[in-house]
Amino acid sequence: MESQYKPERIENEAQGFWVQTGAFRAGEDPDREKFYCLSMFPYPSGKLHMGHVRNYTIGDVISRYQRMLGKNVLQPMGWDAFGLPAENAAIKHNKPPAEWTYENIAYMKGQLQRLGFGYDWDREFATCDPDYYRWEQWLFTRLIDKGLAYRKSATVNWDPVDQTVLANEQVIDGKGWRSGAPVEKRDIEQWFLRITDYAQELLDDLDRLDGWPEQVVTMQRNWIGRSVGVQMKFAIEGSAETLDVYTTRPDTLMGVTYVAVAAEHPLALEAAANNRALADFIRECRSGALGEADLETAEKRGMPLGRNALHPVSGEAVPIFAANFVLMGYGTGAVMAVPAHDQRDWEFADKYGIPKKQVIFDPDGQPCGIEHAAYVEKGVLANSAPFDGLNSEAAFDAIAAWLEKHDKGCKQVNFRLRDWGVSRQRYWGCPIPVIHRADGTIDPADTFPVRLPEDILVDGSGSPLKKLPAFYELGNGDLRETDTFDTFFESSWYYARYCCPDADDRMLDERAAYWLPVDQYVGGIEHAILHLLYARFFNKLMRDDGLVDCDEPFSRLLTQGMVVAETYYRDRPDGSREWFNPADIEVERDDKGRTQRAIAKTDGKPVIPGGIEKMSKSKNNGVDPQTLIDCYGADTVRLYTMFTAPPDQSLEWSDEGVEGAHRFLKRLWALGVRLHATPSDTPAAGQDQFAATRRELHSVLQKALFDYERQQYNTVVSACMTMVNALTRLEDTPAAVGVLREGVGIVLRLLAPIAPHVCHTLWRELGFGDDVQSGGWPAVDEAALRSETVEYVVQVNGKMRGKIQVAVDVDQATIEQTAQDNENVQRFIEGLRIQRVIVVPNKLVNIVAK
């Protein structure tokens, strides 16, 4: 056995063993409990970053742990390969996106293998593979037939640089989330999926996701946004038209003093035809597109249309404004405004001199004026004839009933969730499988895959598919659709295809019924709404088409924390910042660890600490995993990422911590070398003189097993360190070898999911067996936890005065006498009369004396 820990050699040998034995190849076995563990697959951007490493290490630890429990484990890996970054990189490197993507996949796969992740590589696929996306094309045509996929003209967010439509969530501060370009609004024919048909079920089934973080469940619940309100009609003065308005506060209806419509609303466009100022305002709103979240903080602006709406109850005329805070794609594109009882409406009315009419008052007569802000609480109605005196809850029903009686409205359930627009005007994506006929009709394709041409150079001026007649011209005037799917389409069902990636004649086969749902899903909380909601939706679509038989795709979800690190920068003359990698900085700290001085190693000049932030290219504070692997080995990287913080919390990077993790593995190896050097005919473990060591080992093991169950791997590593320390303290004698061997066997199995290579090698070298994964999960020896003696704290009149050790089975009289005989206790009871002695079994003796 090598005397020195040499990670490169042992990791290569361990990985070779796993490949040779097919250690992670999964197959269906109805006689074994299955466990499907999945980490969100990566976009093949070129290289792994530490966020990837942490995410995939967590998933691998869970998978290996479940495998050691005896379960039939599936852990696959693939590539979320379509997307705009590939097009941008292809432009930069002057090569087709497909070539760039496949090169990156090959390199990143090698990195994943070097880290020793236990994937079933036989199930690998990339979403840009026609054998994969052919089946989502097939499903899409099924959805068209069911009316769940449809096409309509919609006002969309258009990124003029990336030349594509953006979802509202992808618009940040009026700019595209990738390009940063000011977003415009355009009317474009788009394909949509009716996710709103599943809104109630998506909401209800959140209650079944007990294994999900509450934060994620809450985010989805809010995004779906179920509300009960009233839909009503406002007549338009001098017109037969009406404005449909929805409100969750019909109790405030009598306080309406204006109506606001979206800039794209037909009423606004009609009024703008003869109003240049209004037309300019609408044009400005269209070019400064806002996502829904941005409306909360954006300046509220508007212009009157010069037309009035008529209040549905009082008949009073109220002005209609075009306003930038109303989105045409949400609700009806029109809102009733109650400045007295909505802060946004109050600010708008205050800015434009619109009256405020208070109609809700505090039920206890407390002051609730609206001079400085809206009164938004519920209360009692006034100035609201014929509803005066009703409280808000009663008024809700009364006003809804009045409107329904007069055919002007009714109660209605609404959802914030909108149908999913899946069209993208980009090249590197899955082609939407429809044909535009010469007669204007649209038919779904009937042959799959509709293959994306791959040998294409991209120049950045829109989708190349629109310039490729060989792709879109089908003859007889028929044209193929040139839009491609939103890339969330591919990631919404990939988990199911892993169950049967070689199924040639169907999207999913009976193997999906064995493996699904995924038992453990691992990924970032940034995917809480879009990806995770779309995947839940897709699962229900596939269920309703008979493809899967589970309602939800992921039983348990772990959202790992970010990897963060220090940042350093210098200000440039133009106001921008030059960021320096922490590895290139020398830092002087005070005795409390605070930075006193930071200088760049390259020129010795000062840099400014920018605080701790998520590792990113933009802040240049990332660490290359490959460099760490080459220097310390994969096990050190894995161990460090698990030890430094619980999986769901942020991990603050520390080079010293990495070195500490490496030192621990060297100590573990040295312990193995020591055990390897001992004769094989040593006494068995359990001698009385080592009872304390065994008790410590099994006490620590007991907690570590619980920590595995609750996925707190940092404390598992800490437990292993405690055990190694205890074993290292053992005397180097033949009598101690039995306990040493027992303890090392426990540590190797406990640590194997986290640092698998070194544990695999030591397990074999020390003769425990061929494969630590088959060694069985360690179990606590209850007998070892039992002690011959027990310690009591001794108090005199409630204050601690000493400690005593007595036999476990001693009687109470002996406990009392031993406590009174304690030398220090005698000092405090001398000259006093003992009134009584209270004994709390196995814990405390309290002597009451006067």
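Which residues line the largest cavity? Keep that in mind while you get your bearings; this is a predicted model, and we'll walk through it one selection at a time.

**Stop 1: the whole chain**

Show everything as a cartoon. You're looking at 850 residues, of which 53% count as buried. The chain has 25 helices and 35 strands, and its C-alpha trace spans about 100 × 80 × 65 Å along the principal axes. Now think about who touches whom: take the contacts between residues at least 6 apart in sequence, and 70% of them join residues at least 24 apart.

**Stop 2: the cavity**

Back to the opening question. Select Trp18, Arg64, Met68, Ala752, Pro753, Pro756, His760, Val772 and Gln773, and you have the lining of the largest cavity. Its volume is about 30 Å³, and a search of the whole structure turns up one cavity of 30 Å³ or more. Colour the lining by residue type and you'll get six nonpolar, two polar and one charged. Next, highlight helix 2 (50–68) and helix 22 (756–765): each gives at least two residues to that lining.

**Stop 3: helix 18**

Helix 22 leads us on, since it is one of the elements that the buried residues of helix 18 (655–676) pack against. Select helix 18 and put a distance between its end C-alpha atoms: you should get 32 Å, and that agrees with the span expected for 22 residues at 1.5 Å a residue. Now show its buried side chains, among them Phe664, Leu665, Trp669 and Leu675. Around them, look for helix 1 (7–21), helix 16 (625–632), helix 17, helix 20, helix 21 and helix 22.

**Stop 4: helix 20**

From that group, pick helix 20, residues 713–728. Its 16 residues reach 23 Å from first C-alpha to last, close to the 22 Å expected. Plenty to click on here: the buried residues include Tyr713, Asn714, Cys720, Met721, Met723 and Leu727. They pack against helix 2, which you met at the cavity, as well as helix 17 (634–643), helix 18, helix 19 (691–709) and helix 21 (737–751).

**Stop 5: helix 11**

Jump to residues 392–405, which make up helix 11. Which of its residues are buried? Select Ser392, Ala395, Phe396, Ile399, Ala400 and Leu403. Look down the axis: these residues cover an arc of only 130°, so they sit on the same side of helix 11. The spacing helps you see it: an α-helix has 3.6 residues a turn, so residues three or four places apart point the same way. Now spin round to the face turned away from the buried side, where you'll find the exposed residues Glu404 and Lys405. What does the buried side pack against? Turn on strand 8 (226–236), strand 14 (360–361), strand 15 (380–381) and strand 16 (409–415).

**Stop 6: Phe554**

Last selection: Phe554, in the loop between helix 15 (530–544) and strand 25 (557–560). Is Phe554 buried or exposed? With a relative accessible area of 0%, under the 20% cut-off, Phe554 counts as buried. To see what surrounds it, leave aside the neighbours within four places in sequence and show its contacts: Leu209, Trp212, Tyr495, Pro517, Val518, Tyr521, Leu532 and Ala535. Finally, add Asp519, which is 35 residues away from Phe554 along the chain, while their C-alpha atoms are separated by 6.1 Å.

Terms used:
Residues numbered from 1 in each chain as written. Heavy atoms only, no water. 1 Å grid on protein atoms, 1.4 Å probe; cavity = no way out; pocket = protein on both sides within 12 Å on 5 of 7 lines; lining within 4 Å. Points joined across faces, edges and corners; volume = space filled by probe spheres on them. Helix = DSSP H or I, 4+ residues; strand = E, 2+ residues; numbered from the N terminus. Nonpolar A, V, L, I, M, F, W, Y, C, P; charged D, E, K, R; others polar. Expected span 1.5 Å × (residues − 1). Buried < 20%, exposed > 50% of the residue type's maximum accessible area, 1.4 Å probe, protein only. Arc of directions from axis to C-beta. Contact = heavy atoms within 4.5 Å.
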